[in-house]
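Biologist: I should like to go through this structure step by step. Could we begin with the model itself?

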Amino acid sequence: MATLLDTLGPSRPRHPEKAARADTPALAKPAWLRVRAPGSAGYEETRETVRAHRLHTVCEEAACPNIGDCWQKRHATMMIMGGVCTRACAFCNVATGLPSPLDLDEPRRVADAVAKLALEHIVVTSVDRDDLDDGGARHFAETIRAIRSTSPGTTIEVLTPDFLRKDGALEIVLEARPDVFNHNLETVPGLYLKIRPGARYFHSLRLLQRAKELDGSIFTKSGIMVGLGEERDEVLQVMDDLRSAGVDFLTIGQYLQPTRKHAEIKRYLTPEEFDGLEKAGRAKGFLLIAASPLTRSSFHAGDDFRRLKAAHRDRNSP
Ligand code: SF4
């Protein structure tokens, strides 16, 4: 039985808001979701670098199934602004509670780790910091600038929170000129209250649209999870909404339940169903769409960035 014994300290449960919930029914995992346990030399080297620089990664905090594959290639997704989130989304494994003050040296350490790992492409994400007046936008910008100064050849993707009620935050992030601005819609609008109660679907959509309006040279990207109870037509509608907002790249992956206190997995989509969604997305005009059971926002992000640029070139060449 899954438990929430994972703690941040002796008296601090990881998800206090979920502790009293009943366990949801377990759904047996299909063969296509089984992955090899991590443990390669590359994995150990990545782990060492993350530890030595005192960084958080979403790979570990979200218990991502791809960690063995990604870390073997030294691709870690940095999670800045601490390991405690001010939201309490029903799908997420990141600890919730009151975060610590910002660590002002963190941008430098992220930049040093990126240089040490010799990354061509880095994804930087964060916990939600509703407690900060700018939602953490300046810290994102500082991190982008620190990476640019130590690794000028590295392309930078930011996967940000929604900056709800933080006027001017998006502008601060974009002024630092990331190569990709990513913000995940996570699910279809009809499931927001249940799955992402602290967020608003149209605010997230508008954030992506404004990012494109503010700087059309920055690629925009979003992602959703499926298997939470959404209908296929609702996913197709999300695709249309994202295309209306000018979003270039969409990722779709299977939702996996971190513990049985989290939102229930309603069903596992088959690889063929993911292929069907990918085809539908391509027909709707995304520059790039990645849809598979193990697709995550940052999975193969470097390879995808190259494909994104190539698709952009092809579309705009005479
Ligand atoms: S898919 Fe993303 S979060 Fe998962 S291990 Fe890879 S880089 Fe980390």
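Biologist: Which residues of strand S11 point one way, and which the other way?

Modeller: This is a predicted model, in which local features need pLDDT of at least 70, side-chain atom pairs count only at pLDDT 80 or more, and totals for chains, interfaces and linings use all residues. Residues are numbered from 1 along each chain as its sequence is written. Helices (H or I, at least four residues) and strands (E, at least two) are DSSP runs, numbered from the N terminus. From S11, Phe249, Thr251 and Gly253 point one way, and the other way point Leu250, Ile252 and Gln254.

Biologist: How many of the residues of S11 are buried?

Modeller: A residue is buried if 20 or more other C-beta atoms lie within 10 Å of its own, exposed if 12 or fewer, and partly exposed in between, with C-beta atoms placed from the backbone. Strand S11 spans residues 249-254 and is mostly covered. The buried residues number six of its six.

Biologist: Which residue of S12 does Leu250 stand opposite?

Modeller: Two strands pair if DSSP finds at least two bridges between them. S11 and S12 run parallel and are joined by four bridges. Opposite Leu250 in S12 stands Ile289.

Biologist: Which helix lies between S10 and S11 in their β-α-β unit?

Modeller: S10 and S11 run parallel, joined by six bridges, and Lys221 stands opposite Phe249 in S11. A crossover is right-handed if, with the strands pointing away from the viewer, the path from the first strand over the helix to the second runs clockwise. The unit of S10 and S11 is right-handed, and its helix is H9.

Biologist: Why does Asp241 count as buried?

Modeller: Asp241 is found in helix H9, residues 232-244. Its C-alpha atom is separated by 10.0 Å from that of Arg206, 35 residues apart along the chain. Asp241 counts as buried because its C-beta neighbours inside 10 Å number 20.

Biologist: In what order do the eight strands of the open sheet lie?

Modeller: The pairing in this sheet is mixed. Its edge strands, each pairing on one side only, are strand S3 (56-57) and strand S12 (288-291). The order is S3-S4-S7-S8-S9-S10-S11-S12.

Biologist: Through which helix does the chain cross from S7 to S8?

Modeller: Six of the six residues of S7 are buried, so this strand is largely enclosed by the rest of the structure. S7 and S8 run parallel with five bridges, and the bridge partner of Ile122 in S8 is Ile156. The β-α-β crossover from S7 to S8 is right-handed and passes through H5.

Biologist: What span should the 14 residues of helix H5 have?

Modeller: The expected span of a helix is 1.5 Å times one less than its number of residues. In H5 (residues 137-150) the end C-alpha atoms are 20 Å apart, which agrees with the expected span of 20 Å.

Biologist: How do the residues of the shell around the ligand divide into nonpolar, polar and charged?

Modeller: A residue is near a molecule or strand if its C-beta atom, placed from the backbone, lies within 6 Å of it. The residues around the ligand include Cys59, Cys64, Cys70, His75 and Arg296, while helix H2 (58-61) and helix H3 (67-72) are the elements that give two or more residues to the shell. Ala, Val, Leu, Ile, Met, Phe, Trp, Tyr, Cys and Pro count as nonpolar, Asp, Glu, Lys and Arg as charged, and the others, Gly among them, as polar. The division is seven nonpolar, four polar and one charged.
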